Amino acid sequence: MSARSLRASLVTLILGAATVLGLAQPASAAGDNYVALGDSYSSGVGAGSYTSESGACQRSTKAYPQLWASANAPSSFKFVACSGATTSSVSSGQLGSLSSATTLVSVTAGGNDVGFADVMQTCVLQSEATCVSRVNTAVSQIQNSLPGKLDSLYSGIRSRSPQAHVVVLGYPRFYKLSGTCIAGLTETERGAINDASNVLNGVLAKRAANAGFTFSSVVDEFTGHELCSGDAWLHSVTIPVSNSYHPKAVGQSSGYLPAFRSVA
């Protein structure tokens, strides 16, 4: 059991005791006005079952925002996450769904700002040295330019929904090192990509905390289910190519959904 799962179990026990003792409890999810923002990891690319209205944004009925909303029946639910979104396009194209009445927000953003897709393409198609160099360039962007972009996005969310509980979700660690893969990237390349994911999640967590938001990592949930684990919840290189390196439906339901549910 992860630390997050243990905390969730303790909260359940405490709330159960509160019921027995007749103590006041938090408002239920049924009273929430929930808005789901973000990129492909929130829209559900890779999970299939995309809604026709979402078009190229590829919002899936199997994505964690829709799964959470279906299970909790919030008062309102706006699902505007979109494949390919950056911090800038979330700010310009998605924040209009927020209002002063919004009480719950989820968001994933930052991977596309540092060229996630280009990093993976470079590592798949080019040499180990070129791959590692491209990863290092992304890490530099994560450390130097991304923090300000995240601050701007988070400020925009807070200004539009000052009372909302905002949950920033991170990204999985992609590879199990010394795992079952016998072809593809080298261990050096896999390790570099994992290290970059760790740096990205660290920056997301820090900027979220500075904004007064809640950061929820998905690394615990995906541990044992990375690529090369033998039970991957992520697509490797696949057709359609857009699904590559994105969570499968099980990655949304058993990875992202528990990470969000535990702090929502």
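Which helix gives the largest share of the lining of the second largest pocket? The answer, helix H5 with seven residues, is taken up in the fourth view below.

**View 1. The whole protein as a predicted model.** The structure shown is a predicted model. Its secondary structure comes to 10 helices and five strands. The protein has 264 residues, of which 47% are buried. Among contacts with a separation of 6 or more, 72% are between residues 24 or more positions apart.

**View 2. Strand E3 and its parallel partners, E1 and E4.** Strand E3 covers residues 104-107 and pairs with E4 in the parallel sense over four bridges. Strand E1 (residues 33-36) is also parallel to E3, and three bridges join the two. On the E1 side, Tyr34 stands opposite Leu104 of E3. On the E4 side, Val105 has Val166 as its bridge partner, and Ser106 stands opposite Val167. In a regular strand, side chains alternate between the two faces of the sheet. Within E3, Leu104 and Ser106 point one way, whereas Val105 and Val107 point the other way. All four of these residues are buried.

**View 3. Strand E4 and the crossover to strand E5.** Strand E4 spans residues 165-169, and four of its five residues are buried, so the strand is largely enclosed by the rest of the structure. Strand E5 (residues 214-216) runs parallel to E4 and is joined to E4 by three bridges. One of the paired positions involves Leu169, whose bridge partner in E5 is Ser216. Between these two strands the chain passes through helix H8 (residues 187-211), and the resulting β-α-β crossover is right-handed.

**View 4. The second largest pocket and its lining.** This pocket holds about 600 Å³ of space. It is lined by 31 residues, and those closest to its centre are Phe116, Ala117, Met120, Ser244 and Tyr245. Four elements give two or more residues to the lining: helix H2 (40-43), helix H5 (116-125), helix H6 (128-144) and H8. Of the lining, H5 supplies the largest share, with seven residues. By residue class, the lining divides into 20 nonpolar residues, 10 polar residues and one charged residue.

**View 5. The surroundings of Arg134 in helix H6.** Is Arg134 buried or exposed? Arg134 has a relative accessible area of 16%, and it counts as buried because this value falls under 20%. Apart from neighbours within four places in sequence, Arg134 is in contact with Val114, Gly115, Asp118, Val119, Thr122 and Gln141.

**View 6. Thr238 in the loop between helices H9 and H10.** The loop that holds Thr238 lies between helix H9 (219-222) and helix H10 (249-261). Thr238 counts as partly exposed, because its relative accessibility of 23% lies between the limits of 20% and 50%. Once neighbours within four places in sequence are set aside, Thr238 is in contact with Asn243 and Ser244. Thr238 and Gly46 are 192 residues apart along the chain, and their C-alpha atoms are separated by 9.8 Å.

Definitions and conventions. Residues are numbered from 1 along each chain as its sequence is written. This is a predicted model: local features need pLDDT of at least 70, side-chain atom pairs count only at pLDDT 80 or more; totals for chains, interfaces and linings use all residues. Side-chain values use heavy atoms; hydrogens and water are left out. Buried means under 20% relative accessible area, exposed over 50%, partly exposed in between (1.4 Å probe, protein chains only). Two strands pair if DSSP finds at least two bridges between them. A crossover is right-handed if, with the strands pointing away from the viewer, the path from the first strand over the helix to the second runs clockwise. On a 1 Å grid over the protein atoms alone, a cavity is a set of points where a 1.4 Å probe fits but cannot get out, and a pocket is an open set with protein on both sides within 12 Å along at least five of seven lines; lining residues have an atom within 4 Å of a point. Grid points are joined across faces, edges and corners, and a volume is the space filled by probe spheres set on the points. Ala, Val, Leu, Ile, Met, Phe, Trp, Tyr, Cys and Pro count as nonpolar, Asp, Glu, Lys and Arg as charged, and the others, Gly among them, as polar. Contact means heavy atoms within 4.5 Å.
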